[in-house]
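Dear colleague,

I am handing over the structure below, and after it you will find notes on what turned up when I went through it. Please read them with the model open beside you.

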Amino acid sequence: MSESSYPGVGRVLVVIPTYNEADNVRLIVDRVRQAVPDVDVLVADDNSPDGTGAIADELAAADSQVHVLHRPGKQGLGAAYIAGFGWARERGYDAAVEMDADGSHAPEELPSLLDAARDADVVIGSRWVRGGKTLNWPAHRLLLSRGASLYTRLALGLPVRDATAGYRVYRMPVLDKIEVDTVQSQGYCFQIDLGWRSYRNGFRVVEVPITFAERERGASKMNSSIVREAFWRVAVWGAQARVAAVRRALGGGAKKP
């Protein structure tokens, strides 16, 4: 187990969930290790039938800063991240990074996120702040992502421009405080859920511009059920927050006996 640490942040674990990413996993792990030698990598593989887990094992055997968490089957992105966060907690890491396996999140931009984490609790690699952009994304994906973030800001009052972004740094006390093990959301909604919990608990959330590139190899895991889940969960959370605010206002306005 490596004792390397990133200056000002501490021991950092990059969690990379995989399912059928045999074409990408070796490249993405190599890029992380070259871009930020002071971080460790955990490949959380959901028993990929294409042999992704075996490739990850090869990488781990050759590099003490690469690790593999073999999971019994496909359980979703959120569950993989939660398992990875738990793995990090048990081994005393100070921060955990979410990163896609398909190359959409450039490891070469990770230092800018980690630098921001010196003074923040949560750092989001954002496509929709000044300096952020996307490459090779079809128009419908752009519309969906921007629309989801706007909908989230309006429904929840969450002051984040890219609420569904999946390139993030969390300091471990945040994950403990927001009780990440109780999160059941998946996909887009998982990212919104964690950001919403972090904001509500008073943690400092900042956004750093990134360039998001469409995957070149393999198939996207996005589907309509992920979008529907995000829509209705955000609507429910927004309604609950409004009810809670009204109750606080009524309670605060009552005269003392």
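A place to begin is asparagine 24, which sits in the loop that runs between strand 1 (12-18) and helix 1 (25-35). Because its relative accessibility is 2%, and buried means under 20%, asparagine 24 counts as buried. Its side chain is joined to that of glutamate 21 by a polar contact of 2.7 Å.

Please keep in mind that this is a predicted model. The mean pLDDT of the protein is 91, and 93% of its residues reach 70 or more. The pLDDT is, however, below 50 over residues 253-257, and in the model this stretch has zero contacts beyond near neighbours in sequence.

On the far side of helix 1 in the sequence, aspartate 38 is placed in the loop between helix 1 and strand 2 (40-45). With a relative accessible area of 33%, aspartate 38 is partly exposed, whereas asparagine 24 is buried. Aspartate 38 and serine 5 are 33 residues apart along the chain, yet their C-alpha atoms are separated by 5.5 Å. Once neighbours within four places in sequence are left aside, the residues in contact with aspartate 38 are Ser4, Ser5, Tyr6, Pro7 and Gln65.

Strand 2 itself contains leucine 42, and the relative accessible area of this leucine is 0%, so leucine 42 is buried. What does leucine 42 touch, leaving aside its neighbours within four places in sequence? Its contacts are Leu13, Val14, Val15 and Ile16, then His67, Val68 and Leu69, and finally Gly84 and Trp87. The C-alpha atoms of leucine 42 and threonine 18, which are 24 residues apart along the chain, are separated by 10 Å.

The last item concerns a pair of helices, helix 3 (residues 77-90) and helix 7 (residues 187-200), whose axes come within 8 Å and cross at roughly 45°. That angle falls outside the ranges for roughly parallel, roughly perpendicular and roughly antiparallel, and helix 3 and helix 7 are therefore oblique to each other. Helix 3 contributes Leu77, Gly78, Tyr81, Ile82 and Phe85 to the contact, while helix 7 contributes Phe190, Gln191 and Leu194. Sorted by type, the residues of this contact between helix 3 and helix 7 comprise six nonpolar and two polar ones, with no charged residue.

With best wishes

Note on methods
Residues are numbered from 1 along each chain as its sequence is written. This is a predicted model: local features need pLDDT of at least 70, side-chain atom pairs count only at pLDDT 80 or more; totals for chains, interfaces and linings use all residues. Side-chain values use heavy atoms; hydrogens and water are left out. Helices (H or I, at least four residues) and strands (E, at least two) are DSSP runs, numbered from the N terminus. Buried means under 20% relative accessible area, exposed over 50%, partly exposed in between (1.4 Å probe, protein chains only). A polar contact is a pair of N or O atoms within 3.5 Å; within protein, one must be able to donate a hydrogen and the other to accept it, and residues adjacent in sequence count only if both atoms are side-chain atoms. pLDDT is the predictor's confidence in each residue, from 0 to 100. Contact means heavy atoms within 4.5 Å. Axes are lines fitted to C-alpha atoms, for helices over the stretch in contact, and angles run from 0 to 180 degrees between N-to-C directions. Angles under 35 degrees count as roughly parallel, over 145 as roughly antiparallel, 65 to 115 as roughly perpendicular and the rest as oblique. Ala, Val, Leu, Ile, Met, Phe, Trp, Tyr, Cys and Pro count as nonpolar, Asp, Glu, Lys and Arg as charged, and the others, Gly among them, as polar.
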